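Welcome! Please take a look at the sequence and the 3D view below, and then let us walk through them together.

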Amino acid sequence: MVHPRRWRQFVRRPVRLKDYGIAIIASGLALLLSLLFSPFIASGTFTLFLASVVFSSLYGGRKAGLLATIIGGLASAFFFLPPCCRFPSPHWKAVCVWVYLCVSPY
C-alpha cells in the first residue's frame, strides 16, 4: 500500500505550455551561443544543445526534453553541418546529428 504522502509521485503532472516555452528558449539560447562561439569550439557544437536538453528535461519533463532534442538536432544540422544554412546531404558528419538524437533522450 502506498503511503498517502507519497501518492503525489504517482499522479501525472498536467502539461504546461511554460515547460515547452522553456525548451524552446533553452534551445534558442544554445543555438545563439553555439553560433557566437563556433570559431572557438569547432568540434564541440553539440555540447550546448545537450545542455539545453538536460535543462529542459529537468525543468519540463520528458516531453519538453524531447522537444529540445528535436529542435537542437535540426538547428545543428541546419547551421553547422556542410553545406551551411541548408540541411546536409548524406555526409559523414550527419552521423553526429543521429548520435545526438539517439543519446539525448536518455
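## How two neighbouring helices meet

Let us begin with helix α2 (residues 47-60) and helix α3 (residues 62-80), whose axes come within 7 Å and cross at roughly 165°. Angles over 145 degrees count as roughly antiparallel, so α2 and α3 are roughly antiparallel to each other. If you want to check the handedness in the viewer, the crossing of α2 and α3 is right-handed. Please keep in mind that this is a predicted model.

## The overall plan

Stepping back, how many helices and strands does the protein have? There are four helices and zero strands. Following the chain along its sequence, you will meet the pattern α-α-α-α.

The protein has 106 residues, and 28% of them are buried.

## Where helix α1 fits in

Helix α1 covers residues 17-37, and it can be compared with α2 and α3 in turn. The axes of α1 and α2 cross at roughly 165° and come within 9 Å. Because an angle over 145 degrees counts as roughly antiparallel, α1 and α2 are roughly antiparallel to each other. The crossing in which α1 passes α2 is right-handed.

What about α1 and α3? Their axes come within 9 Å and cross at roughly 25°. That makes α1 roughly parallel to α3, because angles under 35 degrees are counted that way. Here too the handedness can be read off: α1 passes α3 in a right-handed crossing.

## Residues that link distant parts of the chain

Now for some single residues, starting with D19 in helix α1. Is D19 buried or exposed? D19 has a relative accessible area of 3%, so it is buried, the cut-off for buried being under 20%. Along the chain, D19 and G65 are 46 residues apart, while their C-alpha atoms are separated by 9.3 Å.

Next comes I71, which lies in helix α3. With a relative accessible area of 28%, I71 is partly exposed, because it falls between the limits of 20% for buried and 50% for exposed. The C-alpha atoms of I71 and L31 are separated by 9.5 Å, and these two residues are 40 residues apart along the chain.

Helix α4 (residues 94-103) brings us to L101. This leucine counts as partly exposed, at 26% relative accessibility. Which distance separates L101 and G72 in space? From C-alpha to C-alpha they are 8.6 Å apart, with their positions 29 residues apart in sequence.

## A nonpolar patch on the surface

To finish, turn the model to find a nonpolar surface patch of about 680 Å². Which residues make this patch? The patch is made by L29, L32, L33, L36, F37, F40 and I41.

One of these residues, L29, is found in helix α1. L29 has a relative accessible area of 48%, which means that it is partly exposed. Membership of a patch requires over 30% relative accessible area, so the 48% of L29 satisfies that cut-off.

Note on methods. Residues numbered from 1 in each chain as written. Predicted model: local features only at pLDDT ≥ 70, side-chain atom pairs only at ≥ 80, totals over all residues. Heavy atoms only, no water. Patch = residues over 30% accessible without salt bridge, like charges linked within 9 Å, V, L, I, M, F, W, Y side chains within 5 Å. Areas by Shrake-Rupley, 256 points an atom, 1.4 Å probe, with all protein chains shown as cover. Salt bridge = Lys/Arg side-chain N within 4 Å of Asp/Glu carboxyl O. Buried < 20%, exposed > 50% of the residue type's maximum accessible area, 1.4 Å probe, protein only. Axes fitted to C-alpha atoms, helices over the stretch in contact; angles between N-to-C directions. Parallel < 35°, antiparallel > 145°, perpendicular 65-115°, else oblique. Left-handed = near helix turned anticlockwise from the far one by under 90°.
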